[in-house]
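Student: I have a sequence and a model on the screen. Can we work through the fold step by step?

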Amino acid sequence: MSETNLICNYKKCRKDLNSFAWVTSCSHIFCDYDGSRTFNREKKCPCCNEVLNRRLDIVQINLNPDESFKSMILCGLRPEVVMDISLRAVSFWNYQMTQEKIIQTSSMKRLQAKFEQVKINMETMEYQFQKNILIETKKSESALKDAELQRRKTQEIEEKLIEKSRILQQVQSKYESLKLQLISNTIKSTKAEQIPMAQLQLKTFEGQNEFVFAPNVD
Ligand SMILES: [Zn+2]
Ligand SMILES: [Zn+2]
């Protein structure tokens, strides 16, 4: 709304009025389009539902009257009548301005309420977002701790495995050593036994094959 123009009172229109308009005795004003289509259909105010049946309840006016209109329209009327008409016109203007202020204030309040709601929603979303980040961070930290724990366990197992492998090598080495020693001892003892045996075999051969193998005959 500009400072000097009134607004079409039709809720869905609300455009600035600066040419022809329709005014009603219930102190409402409409643009030419909305006034024409409404009052051609029924004599009822689309704003307050007032029935407007009397001759001057609805008047089409020119908001930018030319000079001759201004010169002639109130001519011949007594000053007090002119003043009375002017006061009524000013009163109409003031009423429109007051109504517009109420509408603007109400609209501003609605917008402010919407803004507050959007702000609350955004704050809630931000809170939820931060909460989710915190949860995810904790999860990541926990996963990292688990991974570190697992790494240490694996390292411990590896160390134990290396130690066991070392012990096994030692045992194997001892086993090999003992085996070699055993073989060596066996060879020595075999050699020691073989000499008298050879001598025995020689004596036996000389003594008429006393020890020569003879198969059993049943
Ligand atoms: Zn309109
Ligand atoms: Zn009305």
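**Sheet, core and backbone**

Tutor: In this predicted model, three strands make an open antiparallel sheet in the order β2-β1-β3. The edge strands, each paired on one side only, are β2 and β3 (58-62). From one strand to the next, the twist averages 30°.

Student: In what order do the elements of the protein run from the N terminus on?

Tutor: The secondary structure comes to 3 helices and 3 strands. Read from the N terminus, the order of these elements is β-β-α-β-α-α.

Student: Over how many bridges do β1 and β3 pair?

Tutor: Strand β1 (residues 20-24) pairs with β2 in the antiparallel sense over 3 bridges. The pairing of β1 with β3 is also antiparallel. For β1 and β3, the number of bridges is 5.

Student: Which residue in β3 stands opposite Ala 21?

Tutor: Towards β2, Ala 21 stands opposite Cys 31. Trp 22 has its bridge partner in β2 as well, namely Phe 30. In β3, the residue opposite Ala 21 is Ile 61.

Student: Why is β1 largely enclosed by the rest of the structure?

Tutor: A residue counts as buried if 20 or more other C-beta atoms lie within 10 Å of its own. β1 is largely enclosed because, of its 5 residues, the number buried is 4.

Student: How many residues does the largest nonpolar core have?

Tutor: Nonpolar side chains tend to be buried together in soluble globular proteins. Here the largest nonpolar core includes Leu 6, Tyr 10, Trp 22, Phe 30 and Ile 58. At least two of its residues come from β1, and at least two from β2. The residue count of this core is 12.

Student: Which residues does Tyr 10 touch, not counting those up to four places away in sequence?

Tutor: Tyr 10 is one of the residues of the largest nonpolar core, as is Phe 30. Leaving out residues up to four places away in sequence, Tyr 10 touches Phe 30, Asp 34 and Pro 46.

Student: At about what angle to β2 does helix α1 run?

Tutor: Helix α1 (residues 32-41) lies across β1, β2 and β3. Its angle to β2 is about 105°.

Student: Is Ser 27 buried, exposed or partly exposed?

Tutor: Ser 27 lies in the loop between β1 and β2, a hairpin with 4 residues between the strands. Its phi is positive, near 70°, whereas most residues other than glycine have a negative phi. With 19 other C-beta atoms within 10 Å, Ser 27 is partly exposed.

Student: What is the phi of Arg 14?

Tutor: Arg 14 sits in the segment before β1. It is partly exposed, having 14 other C-beta atoms within 10 Å. Although Arg 14 is not a glycine, its phi is positive, at about 50°.

Student: What percentage of the residues of the protein count as buried?

Tutor: Among contacts with a separation of 6 or more, 34% are between residues 24 or more positions apart. Of the 218 residues of the protein, the buried share is 9%.

Student: Over which residues is the pLDDT below 50?

Tutor: The protein averages a pLDDT of 89, and 88% of the residues score at least 70. One stretch falls below 50 and has 2 contacts in the model beyond near neighbours in sequence. That stretch is residues 209-218.

Conventions
Residues numbered from 1 in each chain as written. Chains lettered and ligands numbered in written order. Predicted model: local features only at pLDDT ≥ 70, side-chain atom pairs only at ≥ 80, totals over all residues. pLDDT = per-residue confidence, 0-100. Contact = placed C-beta atoms within 7 Å. Pairing = 2+ DSSP bridges. Axes fitted to C-alpha atoms, helices over the stretch in contact; angles between N-to-C directions. Core = buried A, V, L, I, M, F, W, Y, C linked by C-beta atoms within 7 Å.
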